[in-house]
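Dear colleague,

Please find below the structure that I am handing over to you. My notes on the ligand site and the cysteines follow it.

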Amino acid sequence: MSTQLKQELSPSNEWLHDLPELRNRLNEDGYLFFRGILDKNELTHIREDMLAIASEYGYVKTDVPLVDGIYSGEGFPTAIKFETSPLYRRILGLPRFNAFGSNAVLSLLLSGLLDSELQEHRRRIGRITFPGSFKNTTPPHQDYFYIKGTPDTYTCWIPAGDCPEELGGLAVMPKTHKLGMLTHEPMQGTGGHGVLHERCEELGLPWLTTDFQMGDLLLFHGHTLHKALDNRSENRLRLSLEYRYQRKVDDIDPGSMEYHMRGSFDKD
Ligand SMILES: O=C(O)CCC(=O)C(=O)O
């Protein structure tokens with residue numbers, strides 16, 4: 001468990017019409033954070049689609065509105081690995097979740113930042129994190145360890161619902177994209193590998209996070225160190241989306257052109 005102090009992400013909304021300055025900030029810090037730039041209606045639909053499936057598996061409380069995303073207390077946290085579950089496989093097939101990756105805001109922003117024809121990865125992730133399921137919290141890592149292809153791949157992490165810190169948002173360590181690849185070791189949590197917490201502390205840089213709100217966007221480079229925070233809420237599900245982009249001309253791992261975890265799902 002890390003004891004490092006957390007600081008606030010710095011929003012870049014005031015430079016949304018100044019691409020050179022956004023590129024400077026991205027090159028300097030390894031991330032960009034925007035408040036409220038994504039369509040909340042579309043995100044609410046995706047949230048409802050994901051929760052409707054989770055509800056079929058009994059994970060969502062049904063005597064309150066579905067959209068609240070209240071965990072029923074049934075089953076999931078210790079017993080099952082989310083990424084190989086039938087629930088996750090069905091989320092990955094949701095049309096509105098998949099279509100969101102090519103919405104105008106993301107496409108224009110990313111093609112502008114990269115100054116290039118854009119390649120969106122098909123390996124999109126729609127994640128549900130259960131309260132108290134700390135063993136599954138994503139450990140510190142750099143996406144290039146998993147995504148390969150080119151390190152100049154940019155992840156867009158998007159909360160599908162308000163995500164105050166106690167729900168376990170995402171934290172990035174600024175400027176770590178300048179360090180190249182750090183050693184990843186087997187670690188508990190989603191993905192199974194990460195950069196040891198002690199090693200992260202030695203870097204002497206803060207973890208940046210915030211109380212995320214629906215519509216926010218956190219975007220970072222393939223070498224930027226980041227991690228999830230524990231979902232310490234009493235009973236709320238944390239829903240988040242990940243879309244990745246790179247220049248069309250750059251190397252791409254064939255796995256990025258397939259659905260995530262293809263071929264690794266548990267049986268229904
Ligand atoms: O949301 C999470 O738990 C992990 C997200 C992540 O690692 C990513 O977006 O690359």
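Helices (H or I, at least four residues) and strands (E, at least two) are DSSP runs, numbered from the N terminus. This is a predicted model, in which local features need pLDDT of at least 70 and side-chain atom pairs count only at pLDDT 80 or more, while totals for chains, interfaces and linings use all residues. Residues are numbered from 1 along each chain as its sequence is written, and side-chain values use heavy atoms, with hydrogens and water left out.

The ligand site

Strand 12 gives four residues to the shell around the ligand, the largest share. The ligand is surrounded by 14 residues (a residue is near a molecule if one of its heavy atoms lies within 4 Å of it). The closest are Thr 138, Asp 143, His 226, Arg 238 and Arg 244. By class, five residues of the shell are charged (Asp, Glu, Lys and Arg), four are nonpolar (Ala, Val, Leu, Ile, Met, Phe, Trp, Tyr, Cys and Pro) and five are polar (the others, Gly among them).

His 226 has a polar side-chain atom 2.9 Å from an oxygen atom of the ligand. For Arg 238, a polar side-chain atom likewise lies 2.9 Å from a ligand oxygen atom.

The cysteines

A disulfide is a pair of cysteine sulfur atoms within 2.5 Å, and by this rule the count is zero. The sulfur of Cys 163 is 16 Å from the closest cysteine sulfur, in Cys 156, and is therefore too far for a bond. Cys 156 counts as buried (under 20% relative accessible area, with a 1.4 Å probe and protein chains only) because its relative accessibility is 0%.

Kind regards

Terms used. Buried < 20%, exposed > 50% of the residue type's maximum accessible area, 1.4 Å probe, protein only. Polar contact = N/O pair within 3.5 Å; in protein donor to acceptor, adjacent residues only side chain to side chain.
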